[in-house]
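Work through these exercises with the sequence and the model side by side. Try each task before you read its solution.

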Amino acid sequence: MKIPIFPQSILVDLYSKINANYNGYMNGFDEDFFKRFNVQTVINTEIASDFSDELVFDDNISRGNLDALNAIIIYNGLKDLTPYHAKDSRIWSALNHMFFREYTIYRHIKRPNITSKEEKLKVIGKRFFSKTSRQIDSENVSSRLWWSAYVADQCRGDHDFEKLVKTLCNNTDLRNSILERPTIFQIPQVVLASLLLHEKYPMKREVYRDWIKLINFGGGKHIYGAMSADELLKLFEQYYDEVKS
Amino acid sequence: MKYIPNKSYGYPVQRESLTAFDKDNADYTGSDFSPQLHSGIDPDNHNQIFIEVEVLGLEPPIKAAIGKQQADIFLIVQCKNTFFSAKMLLEHKDASKSIINDEMKIDANKLFGEVNARVLVIAKDEFLLKSDKINPEFGYDKFSVEKGMLLAESPTSVWYVNKEPKNNPKSIVTLNVLDTLKGGEYTIDLDNEYIEVGIGNDLNQKISLYKNTKGGASLNNNLLYVPVITFALTKLKDNDEYKEFKWGQVLTTALEELEFSNETMRSEPHNQAQALFRDIILTDIYDETKL
């Protein structure tokens, strides 16, 4: 089947009725739920109708590794979804409601710190819907994973794609720097150099923060967009040495 | 000489200088580096965007350095939303020529919303750059260039990539039925990606009744949508920050295209809003197929 998209009016309607549809979010929507909506599809795309079955649910895997595994599954499973489409919250909300409901409950709602209905409603609003581009990158249950894999794919070159996605998903600070503040990280070779250095020197938060500061300052002096990944790797390694010393 | 915080490099870098004052205070006095960038959609492939670049005003010693392969001139295009960054080396092997022309093609599916483009000249070798135009306040007329140094930078050109259904500014308007509104009352909320219009049940019923006939649809456009778009355009003129939203970008791009093709269009928001409903300005990507 083709990838679904909600009309904006449906999106607004669903968002305003999260409370009324609470049972559906928590226990599953009835068969007729989506028939009421004018759900459309995105041209030239494809998703397996049983796609939800491919997602990994495993309590023995760390959350970072779980995100990495599912990021790769989602990225490969949404055929021909372009970056342009992937910035459209109408598509991600349709996917979340139709394919990622159970995964959202598992990954973001069944948590020890989320106990009351009020807290659960908040998470539903945050993970099933996105109002801004940044929320698509960092909060929406499925799009945040797709974008993680996309960013790694964009910069991978000859490097191991799965390893890069794992490095990205397992380093929360780095992931947030890349996905939430992409001013310099919009440059694929900057992302690659950062990921490769993280693989080489796993960094603690204190070191990471000073290191990223130097990279940011360096962006005012160097034109990163015109430099190769190798040149950036050398430069960022110098910054790392500076921080360590 | 004018020191521009966060922009001045501590050595001469050629930049845009539009006014006489700017030219007098530029790093290279009297000079202006303003390459012309023009973007458009490839007529043979609507998913391809082209960017034409014409380099004008580059200082002769910098241009000569490019011709001697001591420096490169790049067009850099970036889209923060989609983590897109591409650079293209502009060919300029004949140092005697004054203009560098080239064209870059980009898959439009890799872009969304704001896209930036600029032209940069970056040294790739060590050499001595000498120019009589170097601002006397530097205290020298020549300096040693090292690999990686920026020698010239253009202003950043900004444009927006959004694809919306054909001939229909309504695509960026969402109607929400609110029980609190009576009769013909409606509200407009611009602080979202789409313009959100709240209407009461009465107005919704009337709109629904008419929308499937040609005359009725036109009436709806004039009674509701044109005032909504007029309001949005008025606010957009007052506050550039609305361009962060999809509706602001779509209207800005659509108007730019309209102004290009319709020179007689008047600039008042209500005239622009009406023109937007008359002309085909937007492209289609979504299938009509329903699940």
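**Exercise 1. Count the salt bridges, then judge three pairs.**

Solution. Start with the total: 21 salt bridges turn up over all chains in a search of the whole structure. A salt bridge here is a side-chain nitrogen of Lys or Arg within 4 Å of a carboxyl oxygen of Asp or Glu. Side chains of opposite charge can pair when their charged atoms come close.

Note the ground rules. This is a predicted model, in which local features need pLDDT of at least 70, side-chain atom pairs count only at pLDDT 80 or more, and totals for chains, interfaces and linings use all residues. Residues are numbered from 1 along each chain as its sequence is written, chains are lettered from A and ligands numbered from 1 in the order in which they are written, and side-chain values use heavy atoms, with hydrogens and water left out.

Step 1. Take Asp32(A) and Lys35(A). Their side chains form a salt bridge, N to O 3.8 Å. Now the accessibility, with buried meaning under 20% relative accessible area, exposed over 50%, and partly exposed in between (1.4 Å probe, protein chains only). Asp32(A) has 46%, so the label is partly exposed. Lys35(A) has 66%, so the label is exposed.

Step 2. Go to Arg90(A) and Asp88(A). Their closest N and O atoms are 2.8 Å apart, in a salt bridge. Both residues are buried.

Step 3. Switch to chain B. Lys124(B) and Asp72(B) form a salt bridge, with 3.5 Å between the closest N and O atoms. This pair links distant parts of the chain, 52 residues apart. Lys124(B) sits in the loop between β6 (113-123) and β7 (127-130) of chain B, and Asp72(B) in strand β3 (residues 71-79). Helices (H or I, at least four residues) and strands (E, at least two) are DSSP runs, numbered from the N terminus. Lys124(B) is partly exposed at 34%, whereas Asp72(B) is buried at 16%.

Step 4. Look for shared partners. Arg15(B), Asp27(B), Arg118(B) and Glu153(B) are joined into one network by such salt bridges.

**Exercise 2. Describe the interface of chain A and chain B.**

Solution. Step 1. Count residues in contact, meaning heavy atoms within 4.5 Å. Chain A gives 44 residues and chain B gives 38.

Step 2. Find the buried area, which is the accessible area (1.4 Å probe) that two parts lose on being put together, summed over both. The value is about 3400 Å², and carbon and sulfur atoms give 57% of that area. Tyr84(A), Gln186(A) and Ile223(A) supply 24% of the area that chain A buries against chain B, more than any other three residues.

Step 3. Check the charged pairs. One salt bridge crosses the interface. Its partners are Lys147(B) and Glu231(A), at 3.8 Å from N to O.

Step 4. Which element gives the most to the side of chain A that touches chain B? The answer is α8(A), with four residues.

Step 5. Sort that side of chain A by class: 23 nonpolar, 14 polar and seven charged residues. Here Ala, Val, Leu, Ile, Met, Phe, Trp, Tyr, Cys and Pro count as nonpolar, Asp, Glu, Lys and Arg as charged, and the others, Gly among them, as polar.

**Exercise 3. How many disulfides does the structure hold?**

Solution. Step 1. The answer is zero over all chains. A disulfide is a pair of cysteine sulfur atoms within 2.5 Å.

Step 2. Test Cys155(A). Its closest cysteine sulfur, in Cys169(A), is 12 Å away, so a bond is ruled out by distance. Cys155(A) is buried, at 6% relative accessibility.

Step 3. Test Cys79(B). The nearest cysteine sulfur belongs to Cys155(A), 17 Å away. Cys79(B) is buried too, at 0%.

**Exercise 4. Place two residues of chain B.**

Solution. Step 1. Thr230(B) is part of helix α4 (residues 214-238). At 16%, Thr230(B) counts as buried. Beyond four places in sequence, Thr230(B) contacts Pro269(B), His270(B) and Ala273(B).

Step 2. Asn47(B) lies in the loop between β1 (36-41) and β2 (48-55) of chain B. Asn47(B) is partly exposed, at 33%.

Step 3. Compare sequence with space. Asn47(B) and Ala108(B) are 61 residues apart in sequence, but their C-alpha atoms are 5.1 Å apart. Residues up to four places away aside, Asn47(B) touches several others, including Ile106(B), Asn109(B) and Lys163(B).
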